[in-house]
Structure formats: C-alpha cells, structure tokens
Amino acid sequence: MSSATDPLAALGALPGVSESVDSVRKAVDRVYGHRVMRRRSGEITSEAALRGARGSAALSGADWALEEVRRRTDFGADAQARTVGAALRLTAEAGQLLSIWRQSPLRVLARLHLVATGTAADGDVVGRPRLAGEPVDEPLLADVPLPSADEVAGRLDGLSRLVIAGSSAPALVVAAVVHGELLALRPFASYNGLVARAAERIVLINSGLDPKAICPAEVGHAEQGREAYLAAFDGYVSGTAEGMARWIAHCGRAVELGVRESTAVCEALQRGAA
C-alpha cells in the first residue's frame, strides 16, 4: 500500500520514529530469545497479563501493589477496585478478540467496553459510542477537550477503515495511533483509558510484534508516570509531526519497559530452576 493511500505509513518516516521502531524490535527479539521462553512461555504470558492490567489500572487512578492485585478476588467494593477488576477483565478478553479486530474493530471496541463495565446495569450506555449530551467519566483526561458525539462517530469510522484496510506502517506506529485516537475521542461513557490501552495491546499482539503477549506496554506507560503520559498525549492531540513523533516514541518506550519487566520475570524463573 502506498503512503498516498496509507496515512499511517508517513508517520513511520517522522524524525525519531524509525529509531524507536528499531529499538522496540530489538528489545522484543531479545526477550523472545530468552532461554526461559522456550520452556515456560505460558507462565511469562500470564504474568505479563497481570502486570499489564495493574499498570493500566494505575494510570486510571487505581495504583495498587502487584501482590494486592494478585491476591484479591473481590473487585466490586469501591471505584478503585472496580477499575482494577475492569483492567483484569480487559487483559483477559483481549486475547479472545484478535481474529475479530481486523474485520470489525468497532465490534471489538464495543465488546471491550462491555467487558470493562462488567454489567449492563447502565442500560444502552454500555458498549456503544456516547450520544450528544452524555457525560464521560475519565478523570485523568478531564482537562482535555472532549470531541462532540458527531466528531466521535466520524473519527471512529475513519479509524475502523484504517484498521480494516491494513497498513504498511510498523506495528508500534499503528498501536500508538489506535491508543491515542481512542484517548482523544473517549467514545464511551467510562473506562476509555482502559479500553484504549487494551486496544493497543490487541494491535501489538495481532501484528506479530508480540504474538505471545509478553511485552506489556501498560507496565511501561505506568512506569513513566501519569504526567509523562499526559505530556506525550498532548503531542498526539496537537496533530503536529513533532507531537505525533513524541507520542509514538513514548509508546515505544512503554513497550521497552514492558519487555524489561518480562525479562526480569524470565530471570527470576531461571534462578528458581537453577
């Protein structure tokens, strides 16, 4: 597909983006080449899912210790617990939606929001883009201008068309754009940040960059901190070449930090087996 018909391809040529793409690929290749991955990849995948969910919840205001997330079974007690529960459900669900994503991304997004809420108690607000006048509960992005419902509908359709058409752009670029666009739109009444990061995870897995889901970008987003996350996101919202490159690089660094986390898990398992 030429860059003229593939708008994401041009982003891969932005200054600094190719370096981020190369750095991410090398990091991913290293962890996939770890000797523990040959024998215990399923354990690494499970641990990456748990840590990714914890990281995504932290960005949405529920910054729990990993062991608290691991031991808890009740996630309905309060707002933070519900956020952690939503993040865990989304991480588990993402792997079940890979085959649907390329054919019907909007269907996947609707499913992700339904899974995040965990209930249909809010009626027809769950699992569909918001309508004009409907509020959005997304405290982290409270200061970011909220697009109108009409703009949301149009841009979601455009994003869907891009995903279905496919792109020659690197997986990191596509994942960053999907993540950034969903954050910018906040199409649902709640849990948009969690849904956006779950969609990023789906792209990274589905693209073949991280087929075993062992490189949790959510860990890296949380490790870089909410301020850095918002500052990079401001670049995406600006729409400038420099801003887009900054956001893509931030997402690339998040993947690398996720790789570092899973590498540490590999090393711990290796020491335990020694």
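Arginine 186 turns up in the loop between α8 and α9, and in this predicted model that loop is a handy place to start. The backbone there does something a bit unusual: phi of arginine 186 is near 45°, a positive value in a residue other than glycine. Most residues other than glycine have a negative phi. Tyrosine 191 sits in the loop between α8 and α9 as well, and its phi is also positive, near 60°.

How much of this loop is tucked away? Arginine 186 has a relative accessibility of 3%, so it counts as buried, the cut-off being under 20%. Tyrosine 191, with a relative accessible area of 18%, is buried too, because that value is still under 20%. Proline 187, another residue of the loop between α8 (171-185) and α9, comes in at 2% and is therefore buried.

Proline 187 has plenty of company. Leaving aside residues up to four places away in sequence, it touches Arg128, Pro129, Arg130, Val152, Leu156, Leu182 and Asn192. Valine 115 is 72 residues away from proline 187 in sequence, while the C-alpha to C-alpha separation in space is 15 Å.

Next comes the helix that follows the loop. Helix α9 runs over residues 192-206, 15 residues in total, and spans 21 Å from its first C-alpha to its last, close to the 21 Å expected at 1.5 Å a residue. Most of α9 is covered, with 14 of its 15 residues buried. After the helix comes glycine 208, and here too phi is positive, near 95°.

Now for the pockets. The largest pocket holds about 480 Å³ of space. Its lining has 25 residues, and those closest to the centre are Arg82, Thr83, Asp137, Ser190 and Tyr191. Tyr191 is the loop residue with the positive phi described above. The elements that give two or more residues to this lining are α4 (79-94) and α6 (105-117), and α4 supplies the largest share, five residues. By class, the lining of the largest pocket splits into 10 nonpolar, nine polar and six charged residues.

The second largest pocket has a volume of about 270 Å³. It is lined by 17 residues, and Arg102, Val163, Ser167, Val174 and Val203 lie nearest its centre. Two or more residues apiece come from α7 (149-165), α8 and α9, with α8 giving the most, four residues. The lining of the second largest pocket consists of 12 nonpolar, four polar and one charged residues.

Helix α8 shows up again in the nonpolar interior. The largest nonpolar core has 86 residues, and the ones that touch the most other members are Trp101, Leu109, Leu112, Val178, Trp247 and Val255. The largest share of this core, 12 residues, is contributed by α8. In soluble globular proteins, nonpolar side chains tend to be buried together.

Which residues does leucine 112 touch, not counting those up to four places away in sequence? Its contacts are Leu90, Leu97, Val195, Ala198, Ala199 and Ile202. Among these partners, Val195, Ala198, Ala199 and Ile202 fall within the 192-206 stretch of α9, while Leu90 falls within the 79-94 stretch of α4. Leucine 112 itself belongs to the 105-117 stretch of α6.

Note on methods. Residues are numbered from 1 along each chain as its sequence is written. This is a predicted model: local features need pLDDT of at least 70, side-chain atom pairs count only at pLDDT 80 or more; totals for chains, interfaces and linings use all residues. Side-chain values use heavy atoms; hydrogens and water are left out. The expected span of a helix is 1.5 Å times one less than its number of residues. Buried means under 20% relative accessible area, exposed over 50%, partly exposed in between (1.4 Å probe, protein chains only). Contact means heavy atoms within 4.5 Å. On a 1 Å grid over the protein atoms alone, a cavity is a set of points where a 1.4 Å probe fits but cannot get out, and a pocket is an open set with protein on both sides within 12 Å along at least five of seven lines; lining residues have an atom within 4 Å of a point. Grid points are joined across faces, edges and corners, and a volume is the space filled by probe spheres set on the points. Ala, Val, Leu, Ile, Met, Phe, Trp, Tyr, Cys and Pro count as nonpolar, Asp, Glu, Lys and Arg as charged, and the others, Gly among them, as polar. A nonpolar core is a set of buried Ala, Val, Leu, Ile, Met, Phe, Trp, Tyr and Cys residues joined through side-chain atoms within 4.5 Å.
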